[in-house]
Amino acid sequence: MNRLSTSWGAFTLTRFPEDPRDQLRAWDASDEYLLGHLAETGTDLSGTVAVLGDRWGALVTALQAAGPRELVQITDSYLGGQATRANLARAGAAPDAVRLLTTQDPPPERIDVLLVRVPKSLALLEDQLHRLAPAVHEGTVIVGTGMVKDIHTSTLKLFERILGPTRTSLAVKKARLIHTTPDPAAAPGPNPWPYRYDLPADTPAPGLPGLSVTNHAGVFCADRLDIGTRFFLANLPGGLGRARVADLGCGNGVVGLAIALHEPEAELVFTDESYQAVASAEENFRTHVGTGRKADFIVGDGLTALPAGSVDLVLNNPPFHSHQATTDRTARRMFADARRALRPGGELWVIGNRHLGYHVTLRRIFGNSELVASDRKFVVLRAVRQA
């Protein structure tokens with residue numbers, strides 16, 4: 001836990017899921033800078049305030065105490081949404097103090113104050129600014145925030161092209177603000193997202209070469225087949241029969257799609273904490289497999305929505321970043337979650353960079369780890385759930 005002090009009070013904040021060993025804060029200097037700016041300038045917060053990309057709910061938890069008519073959070077992260085709920089409850093906020101929307105939900109019809117926590121993905125920022133632009137009016141106050149390393153010329157150009165003239169503030173504690181003046185005459189052109197491309201002819205999985213795949217903004221490597229997924233596709237298990245297979249951290253779902261196309265009796269579960277990712281996976285599955293094939297699409301915390309011992313195979317390419325922090329915490333949680341969800345004898349197949357040492361973590365959690373394949377950059381590992 002950590003405590004954020006603002007002009008509207010001090011708030012104890014946590015990430016989600018809560019872990020007392022986790023030393024990463026639920027807010028940073030850019031959140032602090034933005035909140036301080038709003039208070040110091042006396043920004044009118046009495047109308048509809050929309051907050052995009054509030055990572056763990058620090059911004060809306062503080063702002064709800066300012067009493068806006070309507071406060072809206074828009075996030076692509078299930079974990080971020082859960083953190084927001086917990087932080088609001090801890091602050092004693094009313095259940096309806098904040099309207100929680102996802103990046104897939106229709107945005108508010110009118111926005112009087114638009115606050116943007118610049119995301120890591122420039123594509124996600126582009127998509128969401130396009131979606132929010134119709135709700136902005138001439139009097140809307142638009143302020144973005146982020147750490148200096150996250151705000152580039154391309155970031156500012158997006159604000160300017162889609163919303164209006166844009167400038168930046170001086171840096172404070174390595175954070176910076178973005179100020180945009182709405183331009184009713186702005187003509188940003190069509191939203192390029194979702195993006196579609198054809199899988200290359202040498203994609204190493206039966207049925208995939210040449211298929212058109214859809215990627216909503218913010219999905220990892222949204223404009224091409226990344227080299228890690230390519231290596232994983234070349235080394236997937238076969239002969240699965242009626243197995244229930246979970247694509248854990250599914251992204252656009254190409255790995256699970258490969259299984260579905262090659263294993264017609266397999267039952268697929270696609271899960272990710274990103275709403276954009278699961279929307280991409282579902283569209284790709286339904287387009288190329290059809291609406292009659294049973295599959296589950298879950299936005300959530302790993303496999304926690306599934307009963308223990310309910311799947312036969314888990315396929316996983318875990319991230320090793322939590323926003324800007326490099327950590328194996330997510331991978332460890334995913335591996336432990338997979339072990340719980342697997343039936344005795346069920347298998348977890350993992351791809352990762354060689355240097356990450358996932359084989360050590362798998363042996364701690366499963367008691368075993370086997371190298372399936374490797375090249376100069378990646379390894380594919382297999383761990384079996386013992387009885």
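**View 1. Strands β4 and β5 side by side in a predicted model.** We start where strand β4, residues 70-75, meets β5: the two run parallel and 4 bridges join them. To find your place, pick out T75, whose bridge partner in β5 is T102. Zoom out and this pairing turns out to belong to an open sheet of 7 strands, ordered β5-β4-β3-β6-β7-β9-β8, with mixed pairing. The edges are β5 (99-102) and β8 (166-168), each of which pairs on one side only. From one strand to the next, the twist averages 20°.

**View 2. F285 and its two ring partners.** The structure holds 7 aromatic pairs, and this close-up takes in two that share F285. With F270, the F285 ring sits edge-to-face, 5.6 Å centre to centre and 65° between the planes. That pair links distant parts of the chain, since F270 belongs to strand β13 (residues 267-272) and F285 to helix α8 (residues 275-288), 15 residues apart. F270 is buried with a relative accessible area of 0%, and F285 is buried too, at 1%. On to F297: its pair with F285 is again edge-to-face, at 5.6 Å between centres and 70° between planes. Here helix α8 is linked to strand β14 (residues 295-299), with F285 and F297 12 residues apart. F297, like F285, is buried.

**View 3. A ring cluster and a cis proline around W193.** W193, Y195 and Y197 are tied into a cluster by ring pairs. In the middle of this stretch, the peptide bond joining W193 and P194 is cis, with omega about 5°. P194 itself sits in the loop between β9 (175-180) and β10 (195-198).

**View 4. R25 over W27, and a second cis proline at P17.** R25 lies over the face of W27, 3.8 Å from the ring centre. Also worth a look is the F16 to P17 peptide bond, which is cis with omega near -5°. P17 is in the loop between β2 (9-13) and α1 (29-40). Most peptide bonds are trans, for comparison.

**View 5. Two cysteines that stay unpaired.** How many disulfides does a search of the whole structure find? The count is 0. C221 is in no disulfide, and the nearest cysteine sulfur, that of C250, is 15 Å away. C250 is likewise in no disulfide, with the sulfur of C221 as its nearest at 15 Å. A disulfide needs the two sulfurs within 2.5 Å, so this pair does not qualify. Both residues are buried: C221 has a relative accessible area of 15%, and C250 has 7%.

**View 6. Positive phi at C221 and K173.** Most residues other than glycine have a negative phi. C221 goes the other way, with phi near 50°, in the loop between β11 (212-215) and α6 (227-233). K173 also has a positive phi, near 50°, and is found in the loop between β8 and β9. Is each one buried or exposed? C221 is buried, whereas K173 is exposed, with a relative accessible area of 60%.

**View 7. S310 reaching back to P307.** Look in the loop between β14 and β15 (311-316) for S310. The S310 side chain reaches the backbone oxygen of P307 at 2.7 Å. S310 is buried, with a relative accessible area of 11%.

Conventions
Residues numbered from 1 in each chain as written. Predicted model: local features only at pLDDT ≥ 70, side-chain atom pairs only at ≥ 80, totals over all residues. Heavy atoms only, no water. Buried < 20%, exposed > 50% of the residue type's maximum accessible area, 1.4 Å probe, protein only. Pairing = 2+ DSSP bridges. Axes fitted to C-alpha atoms, helices over the stretch in contact; angles between N-to-C directions. Phe/Tyr/Trp six-rings, centres within 6.5 Å; stacked < 30°, edge-to-face > 60°. Lys NZ or Arg CZ within 6 Å of the ring centre and 35° of its normal. Polar contact = N/O pair within 3.5 Å; in protein donor to acceptor, adjacent residues only side chain to side chain.
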